[in-house]
Amino acid sequence: MGKHKPIYSPASDCGDYVVVTNCNLLKTSGNKFKQKIYRTHTQTPGGLKEMTMERLVSKKGYGEVLRKAVSGMLPKNRLRKIRLERLRTFEGPEHDYQQNVIRFWAETPEVIKANELAKEEE
């Protein structure tokens, strides 16, 4: 949202881009891959379209599955579409935003501490 910026306003979106890499390593539990259904409607009679996660991945890739999951978590208001446009998903580790990356999630202090605790338990 950009709450850390001095130009923050709740009615506008001042946030940064979010870059997600290695979407092809996405895992789901249970039988979601074959049973989860994404529905869209064309607003015409009989226009309900259904697509399983397996078909969505083969058609558009794992990045689209992640985008739909994030879309469901965002507030349903006029800023939702703008925020989703700033989400960049890539199937592999290579991406075009390498020079713009400020911080990696895996390098944050909370994640480093959690990883150290997990190693000690093993």
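**Exercise 1. In this predicted model, find which residues of helix α2 are buried and work out how they are arranged around the helix.**

Step 1. Start with the helix itself: α2 spans residues 53-60, and its buried residues are M53, L56 and V57.

Step 2. Now look down the axis of α2. The buried residues fall within an arc of 100 degrees, so they line one face of the helix.

Step 3. Turn to the other side of α2, where S58 and K59 are exposed.

Step 4. Ask what covers the buried face. The cover includes two helices, α1 (32-35) and α3 (62-73), along with the strands β2 (37-41) and β3 (48-52).

Step 5. Finish at the end of the helix: G61 follows α2 and has a positive phi, near 100 degrees.

**Exercise 2. Find where N22 and Q43 lie, and say what is notable about the phi of each.**

Step 1. Recall the background: most residues other than glycine have a negative phi.

Step 2. Take N22. Its phi is positive, near 55 degrees, although the residue is not a glycine. N22 sits in the loop between β1 and α1, and with a relative accessible area of 30% it is partly exposed.

Step 3. Take Q43. Here phi is near 70 degrees, again a positive value in a residue other than glycine. Q43 belongs to the loop between β2 and β3 and is exposed, with a relative accessible area of 70%.

**Exercise 3. Describe the second largest pocket: its volume, its lining and the chemical character of that lining.**

Step 1. Begin with the volume, which is about 280 Å³ for the second largest pocket.

Step 2. Next, the lining of this pocket consists of 14 residues, and those nearest its centre are D16, V18, R83, R86 and L87.

Step 3. Connect the lining to secondary structure: β1 (18-20) and α4 (80-85) each contribute at least two residues to the lining of the second largest pocket.

Step 4. Sort the lining residues of the second largest pocket by type. Eight are nonpolar, four are charged and two are polar.

**Exercise 4. Determine how many disulfides the model has, and whether C14 and C23 are buried or exposed.**

Step 1. Recall what you are looking for: a disulfide is a covalent bond between the sulfur atoms of two cysteines.

Step 2. Apply the cut-off, which asks for a pair of cysteine sulfur atoms within 2.5 Å. The count comes to zero disulfides.

Step 3. Check the surroundings of the two cysteines. C14 has a relative accessible area of 12% and is buried; C23, at 5% relative accessibility, also counts as buried.

Notes:
Residues are numbered from 1 along each chain as its sequence is written. This is a predicted model: local features need pLDDT of at least 70, side-chain atom pairs count only at pLDDT 80 or more; totals for chains, interfaces and linings use all residues. Side-chain values use heavy atoms; hydrogens and water are left out. On a 1 Å grid over the protein atoms alone, a cavity is a set of points where a 1.4 Å probe fits but cannot get out, and a pocket is an open set with protein on both sides within 12 Å along at least five of seven lines; lining residues have an atom within 4 Å of a point. Grid points are joined across faces, edges and corners, and a volume is the space filled by probe spheres set on the points. Helices (H or I, at least four residues) and strands (E, at least two) are DSSP runs, numbered from the N terminus. Ala, Val, Leu, Ile, Met, Phe, Trp, Tyr, Cys and Pro count as nonpolar, Asp, Glu, Lys and Arg as charged, and the others, Gly among them, as polar. Buried means under 20% relative accessible area, exposed over 50%, partly exposed in between (1.4 Å probe, protein chains only). The arc is that of the directions from the helix axis to the C-beta atoms. Contact means heavy atoms within 4.5 Å.
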